[in-house]
Each structure stands twice: as C-alpha cells, then as structure tokens.
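The report below goes through selected features of a two-chain structure under short headings. Please keep the sequence and the model in view while reading.

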Amino acid sequence: MESALISGLQGLVIGVTNLGLGHVIMILIGSGLLYLGIQKGYEPLLLVPIGFGAILVNIPLADMMENEGFLRFFYDAGVRTEVFPLLIFVGIGAMTDFQPLLENPKIILLGAAGQFGIFLTLLLALAVGFDKLDAVAVAIIGACDGPTAIYVSSKFAPHMLGAVSVAAYSYMSLVPLIQPPIMRVLTTEKERMIVMGLVKQPVSKTTKILFPIVVTIFASLLAPKGAPLIGTVMLGNLMKESGVVERLKSASENEIANIVTLLLGLCIGATMEADKFLRGQTLLVLGLGFIAICLDTAVGVLFGKLMCLATGGKINPLIGAAGISAFPMSARVVQAEGQKYNKKSYLLMHAMSANAGGQIGSVIAAAVMLSVLQGMGIVGG
Amino acid sequence: MATTVEAPMVGKILKIEKQVGDHVEEDEVVMVMEAMKMEIPIVAPVTGTLKEVKVSPGQAVEAEQALAVID
C-alpha cells in the first residue's frame, strides 16, 4: 500500500524529473514570444498561438507531437498537406485591394524588384552549406510574407518550419526599424524630396474582376507548381471584387482565417521541439532571413532609383522599399520617411501600389522558384 | 492670392490643428487625416492666414478635395 502510494506520487513528479535544459530553454523562448505578442503587441494573432504551442510541445512526456498527439493531428492534417497556409491565402486575397496597382501598373516592376532578396539569399544559403531544399526555405523568408514562407517551408523543409516562420513574422513586424536606414543610405536628399502627383486613373469593375482570373491563368501556366498559391489568393480576390458572394468572402477573411490562424500558429509552435530548434542552424536561418529582407529593400530602392532616372525624376525611389510583401507596413514606412524629408510629400498611395505589387510578386517568385526547382529535378513532380 | 489645401489621397479627416484666422507658416501642420489606418499630417503649401476650413473631423474626403483656403 505504501509503495503504491510512493509510485503514485512519483508519477506526479516524473514530468519534472524528465525536464531537460533544452525543454527549459524552449519554454522560455515560447514565453518570450508570448511576451512580444501580449505586452509589445507584435503580431499577437500569430505569436500567442505560436508561443503557446512551443511551450506545450516542450512539456516532457506530454507527447503532443507523437502519433495520436493532438498537435500532431492538426500538423498532419493542415501543415503537412499545406492546407492551412492555402486557406489563409484565400482570406488574404479577399482582403487585398489591387486597385492601387491597377491604377499605376508600371509600379508592379518595383514589386518584382523587391523579390530579388529571395534569390540572392538562396545563393548565400547554398554558399554557407545549406542543403538545396533547406536553402529554398531560408530564402523564402525574403518574401517577407508569412503564409508564403510557411507554405514553401512546409513543402520542402518541414523540420525548419518553426525557425523560418518565427523569422518571417518577427522581421515583418520589424520592417519599420529595418527599412529606413537602408532607404537613407541608398538615396540622395534630393531624391527623397521628390513629390509624386496624384494617381487618378479610373479602374473599371470589369478590370478588377478580370485581373484575378487572368493572373491565375497566366502565372499558373508559367509556374504550374505555384498554382495553389496564386490560385487561392486570386480566388479570394475574385470573391471580393465580383461582389456576388459576400458571405463566402466574409467567411474567408473572418471565420476561416481566424480558425486557421489559431491552428496554424499552434502547429508552428509545435515544430519548435528542443532537439529540432536548438541548433546552430536556427541562428543561421534567422541571420540569413534578416539579410534577405535587407537585400529586398536595397534592390527595391535601387530599382526605384532606376525608374526615377528613366522617368526624368518623377518617381521617388523611396517607394521601391514598399516593393516587398509586408502589407501595409512597408507602405506606411515609405510615407513616414518621405514626409520626414519633404513635408509636402505624400507617398502613401504610390507606396501602396508598390506594396500590392510586392504581394503578388512574392507569391509569383515562390511559384517560379518551385517550378524551376522541379525543372532542375531537385524536387519531384 | 488664395491657395487651396487639397487632400493628397482618399481618407478621413481626424483633427483640425489650426483655426480660421490663424497665421500658418509653410510646412506647418494644418490638419491630420487618416488613410490606410495611418495618420498623415497635411501641411500648409504656403505661408499666410487660414481663411477657411472646408471640412470637419470625422468627414470622409476624396483625393484633390479642397480642405482649406490660405490667403
């Protein structure tokens, strides 16, 4: 009787006795993410479930990521199948207004330039010895787009999902700190002061409806591997612009997006098991991800300078920084920076065009990368 | 010569910083508008006296809409 009692009590402390240093560190990291989300307000919708998932998965013997475990169930159902990020894309499409881009189509070039960081980082990651598929997952942080990064890394390097998404989301919220110094270094005072006129080119409803359909068909034919990405964003956008399926559109951007965000966040946290996350590689991922976003900004601004030259000084190169996908943060950064140098400069709407271009750009860049990799035989069809 | 202060983009007027009759310097903030959930200060294009304010806080404005007149 006495020994049964002791064994019973031992059962209660077995969790504690199995707690390793790695678990403790990861629980602290999880708590740190919760702190950033709750106290600092950085992407709370993501950091709260991610941080909590990271704590849960590092409780010894709880086995939440083992077969039968509850986090494993959602992970297998939604992340391994890539269904969660794709459902998020439908919601993003439903929330995105491409009007600023359609009003000013040449700005889409900046959205393309803002993706160069992805490819430059891919080369860098290969150079420092990342495996080909892992390098792709690292480079995609440069898309500066959470769902795209999650989609690509869950496809090619699921073991790095935690590191890649934490990097992607933390750098996105740091865009207002990362971008301005780069913008300042690469432009002259005179360029920063350029005032851009109003964009007032009416966009018909037909154009707005045709846009998602045409982009889907052409981009998917060009990069078939990326069809799920482009297709879901554009489906959401078509539902918004057509105006005939208000209920579906509203469900996509509210209920579905909310449910999926919760489950996706938990699953990302669940990939942060101590033995998988606490490696030198994670630090490299964070470092290269940072470089990727800096390179995006730099190439965007340099391309803006080129457009400034080509148009005889009508384009303020600062808007090139908004050619990344962090919407609408980077457009706001551009507005704030522009007005710092010239109080009469209102760049927000131009930056929004570049930003919308960046959103399409990052999805297309990911799609192109997937198709190229398939063409090179690195990934299977 | 009277100069019109125009809205640089669509948005909503948040607050008016100056009153009719006030002297305003060029580049001084006349009002603050909100666009894309961002506060944007609207500055005086010229130095002069604020003659007229054509909008009120909370009002939605179109791009190029006249907001105020400075003389």
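In what sense, and over how many bridges, do β6(B) and strand β8 (residues 66-70) of chain B pair?

## The sheet containing β6 and β8 of chain B

In this predicted model, β6(B) and β8(B) are paired in the antiparallel sense, and 3 bridges connect them. One residue pair can be picked out here, since B:E52 has B:V69 in β8(B) as its bridge partner. On β6(B), which covers residues 48-53, there is also antiparallel pairing with β3(B), in this case through 2 bridges, and B:V24 is found opposite B:G48 of β6(B).

These pairings belong to an open sheet of 4 strands in chain B, ordered β1-β8-β6-β3, with antiparallel pairing. The edges of that sheet are formed by β1 (3-6) and β3 (23-24) of chain B, each of which pairs on one side only.

## The sheet containing β2 and β4 of chain B

Chain B also has an open sheet in which 4 strands follow the order β5-β4-β2-β7, and here too the pairing is antiparallel. At its edges stand β5 and β7 (60-61) of chain B, and because each has a single partner strand, one side of each is left without a neighbour in the sheet.

Strand β2 (residues 11-16) of chain B is joined to strand β4 (residues 29-35) of chain B by 4 bridges in the antiparallel sense. Within chain B, B:K12 stands opposite B:E34, the latter being a residue of β4(B).

## Where the two chains meet

Between the chains, 11 residues of chain B are in contact with 11 residues of chain A. On the side of chain B that touches chain A, strand β5 (residues 38-43) of chain B supplies the largest share, which amounts to 3 residues. Sorted by class, that side of chain B consists of 9 nonpolar and 2 charged residues, with no polar ones.

## Packing of α5 and α16 in chain A

How two packed helices are placed is described by the angle between their axes and the distance between the axes. For helix α5 (residues 83-95) and helix α16 (residues 246-270) of chain A, the axes come within 8 Å and cross at roughly 145°, and the crossing of α5(A) and α16(A) is left-handed.

From α5(A), the residues that make the contact include A:F84, A:L87, A:I88 and A:G91, while those from α16(A) include A:K249, A:E253, A:I256, A:V260 and A:L264. By class, the contact of α5(A) with α16(A) comprises 12 nonpolar, 3 polar and 2 charged residues.

## The nonpolar core

The largest nonpolar core has 139 residues, and those with the most contacts inside it are A:V138, A:I140, A:V164, A:L348 and A:A366. Helix α20 (residues 348-375) of chain A provides the largest share of this core, namely 14 residues. For A:V164, the contacts beyond its neighbours within four places in sequence are with A:A137, A:V138, A:I141, A:A149, A:S153 and A:V285.

## Two buried helix residues of chain A

A:Y75 has its place in helix α4 (residues 70-79) of chain A, and this residue counts as buried because it has 27 C-beta neighbours inside 10 Å. Leaving out residues up to four places away in sequence, A:Y75 touches A:R80, A:C267 and A:A270. The C-alpha atoms of A:Y75 and A:T271 are separated by 8.8 Å, although these two residues are 196 residues apart along the chain.

A:G231 is located in helix α15 (residues 227-242) of chain A and is likewise buried, with 22 other C-beta atoms within 10 Å. Apart from its neighbours within four places in sequence, A:G231 is in contact with A:T216 and A:S220. From A:G231 to A:A351 the separation is 120 residues in sequence and 25 Å in space, C-alpha to C-alpha.

## Positive phi values in two loops

Most residues other than glycine have a negative phi. A:D63, however, has a positive phi near 55° and lies in the loop between α3 (44-57) and α4 of chain A, where it counts as partly exposed because it has 14 C-beta neighbours inside 10 Å.

A:C144, which is not a glycine either, has a positive phi of about 55°, and its place is in the loop between α9 (132-139) and α10 (146-156) of chain A. Is A:C144 buried or exposed? A:C144 counts as buried, because 32 C-beta neighbours lie inside 10 Å.

Technical notes. Residues are numbered from 1 along each chain as its sequence is written. Chains are lettered from A and ligands numbered from 1 in the order in which they are written. This is a predicted model: local features need pLDDT of at least 70, side-chain atom pairs count only at pLDDT 80 or more; totals for chains, interfaces and linings use all residues. Two residues are in contact if their C-beta atoms, placed from the backbone, lie within 7 Å. Ala, Val, Leu, Ile, Met, Phe, Trp, Tyr, Cys and Pro count as nonpolar, Asp, Glu, Lys and Arg as charged, and the others, Gly among them, as polar. A residue is buried if 20 or more other C-beta atoms lie within 10 Å of its own, exposed if 12 or fewer, and partly exposed in between; C-beta atoms are placed from the backbone. Axes are lines fitted to C-alpha atoms, for helices over the stretch in contact, and angles run from 0 to 180 degrees between N-to-C directions. A crossing is left-handed if the near helix is turned anticlockwise from the far one by less than a right angle, and right-handed if clockwise. A nonpolar core is a set of buried Ala, Val, Leu, Ile, Met, Phe, Trp, Tyr and Cys residues joined through C-beta atoms within 7 Å. Two strands pair if DSSP finds at least two bridges between them.
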